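Here is a friendly briefing to read with the structure open beside you. It begins with one helix pair and then steps back to the whole chain.

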Amino acid sequence: MSKAIGSRYIVELSPQAADFRKAVRDVLESDEVQELKEFRHHKCMTRFQHCLNVSYYSYLLCRKLGFNADEAARAGMIHDLYPDCPKCSRSHLVSHPETALKNARKAFDISKVEEDVILKHMWPIRRGRPKYPESYVVMITDKYIAFFEFCIYLKKSAKVRLKKYI
Ligand SMILES: [Fe+2]
Ligand SMILES: [Fe+2]
């Protein structure tokens, strides 16, 4: 069962998540996205969980702002679609959106907006300014979520260190 961090709703079951579920169903249920459960991301969670977090909160934000929430949700779910665990180097930060886009094109039918969202989500670290409002929303949400996930990691590792001294 899948649940975005901080959300009460189970994507596969909750009536409150029905619209989101409808928007992402094909990508969420695919082998390519399910495989992301095998890989760690930002040290404290799986890449699947990170993508779900970005997808869900981008969806809510786009819906609130009157943008295309379905496209933002779909693209958010596959914006980090690469099945390996490379070191978080500068070159990886710059190159992984292209890898994710290549993999997404291979696995799904994606729109121009979804392509832009995936390719531009690392701006301004990677060159190429986002073209659509949905791309800006996912780009900002990704950074916010990454920061939040890193704080969770810091909290967990601080607890482990503290236990050693007690
Ligand atoms: Fe990314
Ligand atoms: Fe990401």
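**Where two helices meet**

On the helix 4 side, Glu71, Ala72, Ala75 and Gly76 make contact with Glu134, Val137 and Val138 of helix 7. By character, the residues of this contact comprise 4 nonpolar, 1 polar and 2 charged. Please keep in mind that this is a predicted model.

**Geometry of the pair**

- Helix 4 covers residues 69-77 and helix 7 covers residues 133-165.
- The two pack at an angle of about 45°, and their axes lie 10 Å apart.
- Because of that angle, helix 4 counts as oblique to helix 7, the oblique class taking in angles that are not roughly parallel, antiparallel or perpendicular.
- The crossing of helix 4 past helix 7 is right-handed.

**Layout of the chain**

- The chain contains 7 helices and 2 strands.
- Following the sequence, you will meet these elements in the order α-α-β-β-α-α-α-α-α.

**Overall size and packing**

- A compact globule of 166 residues would have a radius of gyration near 15 Å, so the 16 Å of this chain agrees with that expectation.
- Along the principal axes, the C-alpha atoms fill a box of roughly 55 × 40 × 30 Å.
- Of the 166 residues in the chain, 39% are buried.
- Among contacts with a separation of 6 or more, 55% are between residues 24 or more positions apart.

Conventions: Residues numbered from 1 in each chain as written. Chains lettered and ligands numbered in written order. Predicted model: local features only at pLDDT ≥ 70, side-chain atom pairs only at ≥ 80, totals over all residues. Axes fitted to C-alpha atoms, helices over the stretch in contact; angles between N-to-C directions. Helix = DSSP H or I, 4+ residues; strand = E, 2+ residues; numbered from the N terminus. Parallel < 35°, antiparallel > 145°, perpendicular 65-115°, else oblique. Left-handed = near helix turned anticlockwise from the far one by under 90°. Contact = placed C-beta atoms within 7 Å. Nonpolar A, V, L, I, M, F, W, Y, C, P; charged D, E, K, R; others polar. Rg over C-alpha atoms; globule rule 2.2 N^0.38 Å. Buried ≥ 20, exposed ≤ 12 C-beta atoms within 10 Å, placed from the backbone.
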